[in-house]
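Okay, thanks for coming, everyone. Could we get the structure up on the screen, please?

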Amino acid sequence: MKTTILYLLFLFSAVRVAGQEVAPSRETIIGLTPLWKGDRFPDGRPKVPDELLERLKKVSIEEAWGGLRAKGYHNQFEADWMIVNPDEVMTGRAVTAQYMPSRPDVDSTLRAIGIKEGRNSAGGTNSWPIDVLQDGDIYVADGYGKIVDGTLIGDILANAIYTNSKRGVIFYGSVRDLKGIREVEGFNGWVKGYDPSFIQQMMLTSINTPIRIGRATVMPGDAVLANQYGTVFIPAHLLHEIVLNAEFIMLRDEFGKQRIKEKKYTAGDVDSRWTAPIREDFLGWLREKKDLPMSREELDNYMKQRNW
């Protein structure tokens, strides 16, 4: 029995090597993200709605992170970034890429596989993830923290990234030509450093596979929230719930601050478990509010499930 199991494991490994791809098949990506039941890109990545990504821009890091931890997702946040335009918020869908220190035999093999897959044979393989970007995508790459000679892009590739995605990058690595990058209107980036050197002794090993970004695990198709306080990577199947819960918390906070200013309640009243009269007051306030961040139907369904 033991011999049979070992043989099957060996056979499975051999098949994987023989079928090596730079990017996994559509079926593999779907298999890695089975909880997402909505639209997908042709490559299999979850395609979360643009409308939710727009609403996500108003969600704080704390609200997104807290909602994820409540669901058992504790490893979705990374901080301590150098940000190209720190006053801007960026949301989008993750296209992931994995880089490793260069090893000639592996690098040449992966280049040959990539060319067979129809990838561009001119230039470096660091352009390959850029070629697959769609409108609304964010290029998320693990450059294993390499700064000197770890510059994944300069201003030319930044321009190509923005042309394809209308977004930017999140790199656990570095960039060059920072002045030129900042001149690409609309582009933004969260990176670990800047260096004037060219990329050297690095190789691209995969596109759209699970990767590590510091403290976080990132999957292809994750919804990304990036602002001056850090980055959060939200599994696609949780995005609507995370956004809706955060919007409800924002409404609670708005109501509480308003009532404190009106001196109807004290800070202690608001910043503790609400009494029945405060809850009823809040529900009445919600019924009258016109500028809700969510639809009235979403709010009504949410309230039916909410446990005070």
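I'll walk through a helix and its surroundings, then the cores, then some helix packing, and finish with a couple of odd backbone angles.

One thing before we start: this is a predicted model.

So, let's begin with helix α7, which covers residues 155-165. Which residues of this helix are buried? They are Ala158, Ile161 and Ser165. Now imagine looking straight down the axis of α7: its buried residues fall within an arc of 60°, so they line one face of the helix. And what covers them? The cover includes two helices, α6 (128-131) and α8 (178-182), along with the strands β4 (137-142) and β5 (169-175).

One of those buried residues, Ile161, comes up again when we turn to the cores. The largest nonpolar core has 27 residues, and Ile161 is among the ones that touch the most other members. The others in that group are Tyr99, Tyr139, Ile153, Val169, Phe171 and Phe187. Where does this core get its residues? At least two each come from β3 (90-101), α6, β4, α7, β5, α8 and β7 (202-207). There's another core apart from that one, with 21 residues, including Leu53, Ala79, Val232 and Leu239.

Okay, on to helix packing. Find α9, residues 239-261, and α12, residues 296-305. Their axes are 11 Å apart, and the helices pack at an angle of about 90°. With 65 to 115 degrees counting as roughly perpendicular, α9 and α12 are therefore roughly perpendicular to each other. On the α9 side, the contact uses His240, Leu244, Asn245 and Phe248, and on the α12 side Glu298, Leu299, Tyr302 and Met303. Sorted by class, that gives five nonpolar residues, two polar ones and one charged.

Let's stay with Glu298 in α12 for a second. Is it buried or exposed? Glu298 has 17% relative accessibility, and buried means under 20%, so Glu298 counts as buried. Leaving out residues up to four places away in sequence, Glu298 touches Arg55, His240 and Leu244. Two of those names, His240 and Leu244, you just heard on the α9 side of the contact.

Helix α9 also packs against α11, residues 276-288. Here the axes come within 11 Å and cross at roughly 110°. That makes α9 and α11 roughly perpendicular to each other too. From α9 we have Phe248, Leu251, Arg252, Glu254, Phe255, Gln258 and Arg259, and they meet Ile278, Asp281, Phe282, Trp285 and Leu286 of α11. By class, this contact has seven nonpolar, one polar and four charged residues.

Last topic: backbone angles. Most residues other than glycine have a negative phi. With that in mind, look at Lys166, just after α7. Lys166 isn't a glycine, yet its phi is positive, about 60°. You'll find Lys166 in the loop between α7 and β5, and at 38% relative accessibility it counts as partly exposed.

Gln201 is another one: not a glycine, but with a positive phi of about 55°. Where is Gln201? In the loop between β6 (189-194) and β7. Gln201 is exposed, with a relative accessible area of 58%.

That's it from me, thanks for listening!

Conventions. Residues are numbered from 1 along each chain as its sequence is written. This is a predicted model: local features need pLDDT of at least 70, side-chain atom pairs count only at pLDDT 80 or more; totals for chains, interfaces and linings use all residues. Side-chain values use heavy atoms; hydrogens and water are left out. Buried means under 20% relative accessible area, exposed over 50%, partly exposed in between (1.4 Å probe, protein chains only). Helices (H or I, at least four residues) and strands (E, at least two) are DSSP runs, numbered from the N terminus. The arc is that of the directions from the helix axis to the C-beta atoms. Contact means heavy atoms within 4.5 Å. Axes are lines fitted to C-alpha atoms, for helices over the stretch in contact, and angles run from 0 to 180 degrees between N-to-C directions. Angles under 35 degrees count as roughly parallel, over 145 as roughly antiparallel, 65 to 115 as roughly perpendicular and the rest as oblique. Ala, Val, Leu, Ile, Met, Phe, Trp, Tyr, Cys and Pro count as nonpolar, Asp, Glu, Lys and Arg as charged, and the others, Gly among them, as polar. A nonpolar core is a set of buried Ala, Val, Leu, Ile, Met, Phe, Trp, Tyr and Cys residues joined through side-chain atoms within 4.5 Å.
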